[in-house]
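Student: Please take a close look at the part of this model where the ligand sits. Then show me what else is built around it in the fold.

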Amino acid sequence: MPPPKSISIIGAGISGLTAAYHATRLFPGTAIHLFEQSDRLGGWIDSQRIDLGSHGSALVESGPRTLRPSGVGGALLLDLIDKLHLEKELLTSSKTSSAARNRYIYHPDNLNRLPSSLLAIPGALLRHKTLRSIPRAIWNDLTTPPQQQQHDEHDESVDSFFRRRFGDRIADDIASAVIHGIYAADSRQLSLRFAFPLLHKLEQRAGSVVRGAFRGVGVDAREKALEEDIRSAISPSLTHAMQNASIFAFKEGIAQLVTSLEGALQHSNVAIHTSTAVDRISRHKDAYTVHTQTGLAVESTHLISSVPLPALGMQGNVSESESYSDSVHHLHRPDVTVVTLVYPRTPLPINGFGYLIPRSTPAASNPHGALGVVIDSDAMPQQDPAPLTKLTVMLGGPHGLRTEDTAQLRQMAVDTVTRQLSAHLHSPIASTVCVQRACIPTYPPGHLSALQSLHHSLLSHHHGRLAVIGSPYTGIAVGDCVRSAWEVVQTLNSTGTATGLERFQNAV
Ligand SMILES: C=Cc1c2[nH]c(c1C)Cc1[nH]c(c(CCC(=O)O)c1C)Cc1[nH]c(c(C)c1CCC(=O)O)Cc1[nH]c(c(C)c1C=C)C2
């Protein structure tokens, strides 16, 4: 298959950068342009080291802070790290560390430690009232018949699934908290089949989540084989370093991945245009022209977008018969406020990952609408030279952005941890406040079918010359973004065309 003549990639977050990286390796003779509206690369990956004077320094992340090595996305992340020679910068947290094992739910006004294994359930039930609904929930799941699907595309919200299979208490007190911690979203608005396809499969194949998990019926042989194939090419030393890791990061934060990708693109066939917002995209026969607000007009045979298509001003310009008003292009994206508070080493009542706050926690115990608190100093203590207590409070999401005032947001975070964690946390020695606007999309029920329709629409109107990648369409984790970027370039290489949505055509 001849390589594409020219490719324009829109958006230089992790998805766009990774697509450019794989494209330059596979298509060294192709003219590649990467457009980014802001003056920096990496999207909402943002790591900063702040100076603490006599206390040394602290690494602060306002986007993703740790990465996971599991699954196809995790394997591709490791492959990228290997290729970029980032292994020596890696930090890992083991599967037996407190950060991997200790997860808490704050409900109704105290911290409940979630059991990390089946054997830990009895102890957890004795200690925490909120968790006493677990045995009944398991019984409920084992005895409730599976839902009969009226049609193949049937979907429901994560909340409705948990309520049906495990009961109201689990849906309200645990599932809603987990969704706060991953999507900063309301579990009543999130698609089960897109966000947790495994749960859907377990119910459909074994009639019960618990039974299906025991029988191992959720294993997807094709995914497993692909993961193994990618892992087999990773260097033995990196494979060894990651052997027992549950999560990983870099000494100077996740942004090191961005700087390494940027470094690898220098002196290559990729032209990076920062501070260059796309004004509109026009199409003439089989060529797209990206018109930028800075006055550039760049023509290419292929277009890869990591931003929602309506943001490219394509309606009417590209194909009159097609509409970008469909909901698949306009997902709800809640705002999240990320406040990091730094203290000299301070004893806390818990250690581990941190805690999540479900929607059923009364407002009196959570007056500022916090979604959860991460104990960064437990997850990656190696990132800071001196012993510190470093906490990140996440506010907003479905609770909304209650103020834009930085000082008030900081005070809301301090109030939250002094009320919920320890009264000794009233005076941080440093803090950062970052309002992440419209950051994580909430994929609504039906998103999978919407992607399948979009695939066909892109094929019929654009013949596989326009592809979509990244969190606006295909998944929010860094591993998901890296995967979608890798897949689109692989597909282009093998077939000459791609929509970025091929994988979702066969999804069960
Ligand atoms: C900055 C806010 C983020 C919130 N969710 C995500 C980010 C970046 C994305 C995300 N968070 C988690 C996952 C699951 C899979 C994974 O890759 O780990 C995803 C895709 C789980 C998670 N949630 C929190 C942490 C520390 C982690 C581990 C991975 C990570 O570093 O993000 C804490 C947390 N994140 C959010 C909230 C509201 C929250 C609450 C304590 C939103």
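Tutor: Start with one term. A polar contact is a pair of N or O atoms within 3.5 Å. Keep that cut-off in mind. A nitrogen atom of the ligand has a backbone N or O atom of isoleucine 182 at 2.8 Å. That pair falls within the cut-off of 3.5 Å.

A word on the source. This is a predicted model. The average pLDDT of the protein is 95, and 98% of the residues score at least 70. Both ipTM and pTM are 0.96.

Now stay with the ligand. Two more contacts involve oxygen. At threonine 66, a polar backbone atom is 3.0 Å from an oxygen atom of the ligand. At arginine 68, the side chain takes part: one of its N or O atoms is 2.7 Å from an oxygen atom of the ligand. How much of the ligand's accessible area does the protein cover? The ligand on its own has 710 Å² of accessible area, and the protein covers 89% of it.

Next, look at the residues around the ligand. There are 19 of them. Those that come nearest are Arg65, Thr66, Arg68, Gly181 and Ile182. What kinds of residue make up the shell? Twelve are nonpolar, five are polar and two are charged. Some of them belong to named elements. Helix α7, residues 168-183, supplies at least two residues of the shell, and so does strand β16, residues 370-375. Which element gives the most? Strand β16 does, with four residues.

Follow β16 outwards. Strand β16 is part of an open sheet of seven strands. The order is β7-β6-β15-β16-β17-β14-β18, and the pairing is mixed. At the edges are β7 (111-113) and β18 (430-436), each paired on one side only. On average, neighbouring strands of this sheet are turned by 25° against each other, with direction ignored.

Zoom in on one pairing in this sheet. Strand β15, residues 354-356, runs antiparallel to β16, and three bridges join the two. Pick out one bridge. Glycine 354 has valine 374 in β16 as its bridge partner.

One loop of this sheet deserves a stop. It lies between β6 (103-106) and β7, and proline 108 is in it. The peptide bond between histidine 107 and proline 108 is cis, with omega at about -20°.

Now compare a second sheet. First, a general point. Strands of a sheet pair through backbone hydrogen bonds, either parallel or antiparallel. Here five strands form an open sheet, and their pairing is parallel. Read the order as β9-β2-β1-β13-β19. The edge strands are β9 (270-273) and β19 (466-468), and each pairs on one side only. From one strand to the next, the twist averages 15°.

Look at the β9 edge. Strand β2, residues 31-35, runs parallel to β9 and is joined to it by four bridges. Find isoleucine 32 there: valine 270 in β9 stands opposite. Then step back to the loop between α13 (255-265) and β9, where histidine 267 sits. What is the sign of phi at histidine 267? Phi is positive, about 55°, although histidine 267 is not a glycine.

To retrace the path, go back to the ligand. Find Ile182, Thr66 and Arg68, which are among the residues that come nearest. Then find β16, which gives the most residues to the shell. From there, trace the seven strands in order.

Notes: Residues numbered from 1 in each chain as written. Predicted model: local features only at pLDDT ≥ 70, side-chain atom pairs only at ≥ 80, totals over all residues. Heavy atoms only, no water. Near = heavy atom within 4 Å. Polar contact = N/O pair within 3.5 Å; in protein donor to acceptor, adjacent residues only side chain to side chain. Areas by Shrake-Rupley, 256 points an atom, 1.4 Å probe, with all protein chains shown as cover. Nonpolar A, V, L, I, M, F, W, Y, C, P; charged D, E, K, R; others polar. pLDDT = per-residue confidence, 0-100. Pairing = 2+ DSSP bridges. Axes fitted to C-alpha atoms, helices over the stretch in contact; angles between N-to-C directions.
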